[in-house]
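Please open the structure in your viewer and keep the sequence panel visible. This tour proposes a series of selections and states what is found at each stop.

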Amino acid sequence: MASNLPAPDGIEIQEPPTAGAWGEWNPTEDSVRPVRGKHRVAKQRGGLARSSTVLGVGVIAAVGAGGIATAQDRPQVAISLPALPDLMTGDKAQQDDGGSGAAARAAGERTGIMTQQSVHGADAGEALRNRILQQAESQQDAAAAKARAEAEQAAQQAAAQEAKDKLEAARKTAEEAKAQAEAKAAEEAAEKAAAEKAAAEKAEQARPAAPAGSYSLPTSAYTLTSHYGDSGSMWSSGHHTGLDFAAPTGTPVKAVSGGKITSAGWSGAYGYRIVLELPDGTEIWYCHLSSMSVTSGTVGAGETIGRVGATGNVTGPHLHLEVRKGGSTMDPLAWLNSKGLSV
């Protein structure tokens with residue numbers, strides 16, 4: 001059917017197509033295939049549903065209020081409309097997304113939270129594990145350091161004890177060596193003294209007995225240094241009371257005649273002194289001796305009774321010989337000469 005209404009602005013009205021080329025199509029709800037299953041019904045805005053059907057109605061309304069514009073002269077064009085089930089499926093997907101999607105998002109959020117918690121838990125567990133491992137390593141290091149310190153201390157103590165033992169052993173060895181040396185020296189001294197004594201006894205036995213009334217010089221290898229009556233500050237009485245025979249220390253001192261020893265010992269300024277009393281009462285004093293061989297008993301003329309020394313008030317080793325009778329001193333040189341001895 002042709003319309004006599006003028007064409008709206010912007011729309012070209014052509015001649016109607018041949019009959020049967022196009023049929024009038026008015027989509028209604030009867031032409032829509034019912035949708036099965038659950039679906040979400042789209043909301044209507046201003047009483048119209050959001051679908052391709054509205055688009056078609058809008059196009060027809062734009063042709064003109066007097067009728068539907070036809071374009072019979074134009075070639076047929078296929079109009080592709082989305083299937084309502086697809087739309088419904090999309091709506092269902094949106095509904096599902098609106099319903100179960102929220103649950104999925106909540107589940108995802110929970111999963112994310114749980115994942116974050118798991119990650120945080122794993123991080124916390126890893127940190128705790130690392131801290132425990134560090135503490136264990138620290139304790140092991142401390143134990144190892146303590147063991148090393150104890151080992152070093154034990155080694156130092158062992159070294160100190162070893163050094164102490166060595167020092168003690170060396171000291172004992174030195175003491176033993178010293179004791180052995182002292183014992184050997186004492187033994188040698190005793191052997192020497194015994195040999196000297198044996199030699200003196202042998203010489204004494206070999207010496208012929210002096211006849212009664214015989215006389216002998218008091219010593220040998222001497223030098224007369226001071227005579228009887230010499231004056232000087234060296235003598236307490238102001239003058240010399242004897243005769244000095246200078247000789248090396250240890251030179252034998254002999255009895256000038258047979259007699260009895262009445263005194264032997266220390267005597268102040270005289271040093272070691274031996275007093276020999278002759279049968280006629282004359283006393284012979286042997287002074288400044290270094291040693292005394294006979295200290296008592298009877299001796300014969302020429303018998304060794306002591307040795308020259310430098311004890312008492314002296315300036316050098318010598319034999320101070322005094323001759324006394326009745327408590328008074330006399331000149332030893334004159335007395336010896338009277339006995340036939342040449343001094």
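Begin with the whole chain: of its 343 residues, 19% count as buried. The model is predicted, and its average pLDDT is 76, with 59% of the residues scoring at least 70. The exposed surface amounts to about 23200 Å², of which carbon and sulfur atoms supply 55%.

Next, display the chain as a cartoon. Three helices and 10 strands make up the secondary structure. Followed from the N terminus, the elements run α-α-β-β-β-β-β-β-β-β-β-β-α. Among contacts with a separation of 6 or more, 64% join residues that are 24 or more positions apart.

**Stop 1: confidence along the chain**

Colour the model by pLDDT. Select helix H1 (residues 52-63), which has the lowest mean pLDDT among the elements, 49, and then E5, which has the highest, 97. Select residues 47-51 as well; the pLDDT stays under 50 there, and the model gives this stretch six contacts beyond four places in sequence. Residues 208-212 also have a pLDDT below 50, and this stretch has one contact beyond near neighbours in sequence. Where pLDDT is low, the predicted coordinates should not be read in detail.

**Stop 2: strand E4 and its partners**

Select strand E4 (259-266). Which strand pairs with E4 over six bridges? That partner is strand E5 (residues 272-277), and the pairing is antiparallel. To find one of the bridges, select Trp 266 and its partner in E5, Tyr 272. The hairpin of E4 and E5 has five residues between the strands, and in this hairpin Gly 268 takes a positive phi near 60 degrees.

Now turn to strand E7 (residues 297-299), which also pairs with E4 in the antiparallel sense, here over three bridges. Gly 259 has Val 299 as its bridge partner in E7.

**Stop 3: Ser 257**

Move to the loop between strand E3 (252-254) and E4, where Ser 257 lies. Is Ser 257 buried or exposed? Its relative accessible area is 6%, so Ser 257 is buried. Show its side chain, which reaches the backbone oxygen of Ser 214 at 3.3 Å. Apart from residues up to four places away in sequence, Ser 257 touches Ser 214, Tyr 215, Leu 276, Leu 278, Val 299, Gly 300 and Ala 301. Val 299 in this list is also the E7 bridge partner of Gly 259.

**Stop 4: the largest nonpolar core**

Select Leu 276, Ile 284, Tyr 286 and Ile 305. In the largest nonpolar core, which has 23 residues, these four touch the most other members. The elements that contribute two or more residues to this core are strand E2 (243-246), E5, strand E6 (283-292), strand E8 (304-308), strand E9 (318-325) and helix H3 (332-338).

Centre the view on Ile 305. Its contacts, leaving aside neighbours within four places in sequence, include Val 253, Ile 261, Ile 274, Tyr 286, Met 292 and Val 299. Leu 276, another of the four core residues, is also among the residues touched by Ser 257.

**Stop 5: Ser 231 and Thr 241**

Both residues of this pair belong to the loop between E1 and E2: Ser 231 lies there, and Thr 241 is found there too. They are 10 residues apart in sequence, and their C-alpha atoms are 9.5 Å apart in space. Ser 231 is exposed, because its relative accessible area is 60%. Thr 241 has a relative accessibility of 14% and therefore counts as buried.

Show the side chains of Thr 241 and Glu 322, which make a polar contact at 2.6 Å. Beyond residues up to four places away in sequence, Thr 241 touches Tyr 228, Tyr 270, His 320, Glu 322 and Thr 329.

**Stop 6: two positive phi angles**

Select Ala 221, in the loop between helix H2 (84-206) and E1. Although Ala 221 is not a glycine, its phi is positive, about 55 degrees. With a relative accessible area of 67%, Ala 221 is exposed.

Finally, select His 288 in strand E6. What is the phi of His 288? The value is near 65 degrees, which is positive in a residue other than glycine. His 288 counts as buried, at 6% relative accessibility.

Definitions and conventions:
Residues are numbered from 1 along each chain as its sequence is written. This is a predicted model: local features need pLDDT of at least 70, side-chain atom pairs count only at pLDDT 80 or more; totals for chains, interfaces and linings use all residues. Side-chain values use heavy atoms; hydrogens and water are left out. Helices (H or I, at least four residues) and strands (E, at least two) are DSSP runs, numbered from the N terminus. Buried means under 20% relative accessible area, exposed over 50%, partly exposed in between (1.4 Å probe, protein chains only). A polar contact is a pair of N or O atoms within 3.5 Å; within protein, one must be able to donate a hydrogen and the other to accept it, and residues adjacent in sequence count only if both atoms are side-chain atoms. Contact means heavy atoms within 4.5 Å. Two strands pair if DSSP finds at least two bridges between them. pLDDT is the predictor's confidence in each residue, from 0 to 100. Accessible areas come from the Shrake-Rupley method with a 1.4 Å probe; for residues, only the protein chains shown count as cover. A nonpolar core is a set of buried Ala, Val, Leu, Ile, Met, Phe, Trp, Tyr and Cys residues joined through side-chain atoms within 4.5 Å.
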